[in-house]
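Below is a short report on one model. It covers a ligand shell, a helix pair and a single glycine.

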Amino acid sequence: MSSTAADAGTAAGLLRLGNQFCDAKALLTAVRLDLFGALQHGPASTEELRQRLGLHGRGLSDFLGLLAALGLLCRDADGRFRNAEGADRCLVPGRPGCVAGFLTGADVNLYPVYGRLTDAVRTGKPQADGDFTGMLDDPEALGGFVRMMDGLTQGLGGELSAVLEGIEYHSVLDAGGCRGHLLGQLLADHDGLTGQVFDLPQMEPFFHAYMAELGLSGRTSFHPGDFFRDPLPQADVIVLGHILHDWDAAQRQELLDKAYRAVSPGGTVLVYDRMLGRRADDTENLVASLNMLLVTEGGGEYSAEDVTEQARRAGFSSVTDRPLADFDTLVICRKG
Ligand SMILES: C[S@@+](CC[C@H](N)C(=O)[O-])C[C@H]1O[C@@H](n2cnc3c(N)ncnc32)[C@H](O)[C@@H]1O
């Protein structure tokens, strides 16, 4: 693992840092090939993996060796490879907590645009080939996006439910809640709770299929719409998760104003994003903010202070914040 550490104070460290995109691409490629899935039942030799994954063979032992050096695979004494503990837990498709869907989305959507970061920084313009609206009409691309969003909300439900403990609420609305991955987690903990997702109409089939899979169709509904054009449905708790960072400051204010109008009196709006300035190390969140530069017209991460001020302006009587999961900050806005 030590080979991954970069020391920005030495030439060797700077070369290492400058080449870290190669390490990232090796991981993303292994995920795309489903290498970790292929090793889920036990170790395999290089030749067995070549056959199983339908690969050429040239470069394969270097590729596997690099993944082992990065701590993703282990090499047994007989030379066979197996998944390292973390990779086995988090990169085998279908396992709870798997982040392979997110990494596949990163490979498809983010890796190419990072090649154009120079242009983005020079011009301030997004660099994605198509915009989000274009992807909405491509079911395969949209399916990939939906799985990527599942990865971003994995495990957040328990923490949000804990924050709401002691508060009486019967309905929850996830605005921009995609196919309902977070909603499913919130409902799993509360028998009497009903849930709604408000999202673009193209998400509706993904939502119904997923709610049926979770056995939650009877307690959930989908509201198709555009949150800049349509009012949000009323609910005791409204979630705006990884939404505000897609938009500029004026649009963020518009969405907070709308959430304030829609939430029940005495209700709560939960805002979470990879806000800046609240973590000891902001590296991950600064990268997330550059992602927004590359793929949105006006989005970017913002500080908890910025959104607190905007929430107060919207009318919320109490606004507090706290860390959420590894990188997010949660802002809890209460309506008096
Ligand atoms: C970055 S994802 C956030 C997903 C999830 N809430 C999370 O916490 O990760 C943004 C979501 O907002 C939805 N969205 C984007 N523009 C929208 C609009 N104008 N009206 C309603 N939903 C929209 C997208 O379809 C997507 O599901």
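The report takes these three topics in turn.

This is a predicted model: local features need pLDDT of at least 70, side-chain atom pairs count only at pLDDT 80 or more, and totals for chains, interfaces and linings use all residues. Numbering starts from 1 along each chain as its sequence is written.

**Ligand shell.** The ligand is surrounded by 17 residues (C-beta atom, placed from the backbone, within 6 Å of it). The closest are Gly176, Cys178, Phe227, Gly241 and His242. Helix H10 (residues 139-153) gives the most, with three residues. Helices are DSSP runs of H or I with at least four residues, strands runs of E with at least two, numbered from the N terminus.

**Helix pair.** The axes of H2 (residues 20-32) and H7 (residues 100-114) come within 9 Å and cross at roughly 120 degrees. Axes are lines fitted to C-alpha atoms over the stretch in contact, and angles run from 0 to 180 degrees between N-to-C directions. The contact involves Lys25, Leu27, Leu28, Val31 and Arg32 of H2, and Ala100, Leu103, Thr104, Ala106, Asp107 and Tyr111 of H7. Contact means C-beta atoms, placed from the backbone, within 7 Å.

The table gives residue classes for both sites.

| Site | Nonpolar | Polar | Charged |
|---|---|---|---|
| Ligand shell | nine residues | five residues | three residues |
| H2 with H7 | seven residues | one residue | three residues |

Ala, Val, Leu, Ile, Met, Phe, Trp, Tyr, Cys and Pro count as nonpolar, Asp, Glu, Lys and Arg as charged, and the others, Gly among them, as polar.

**Gly267.** Gly267 lies in strand E7 (residues 263-273). Beyond neighbours within four places in sequence, Gly267 contacts Asp236, Val237 and Lys335.

How values were computed
Contact = placed C-beta atoms within 7 Å.
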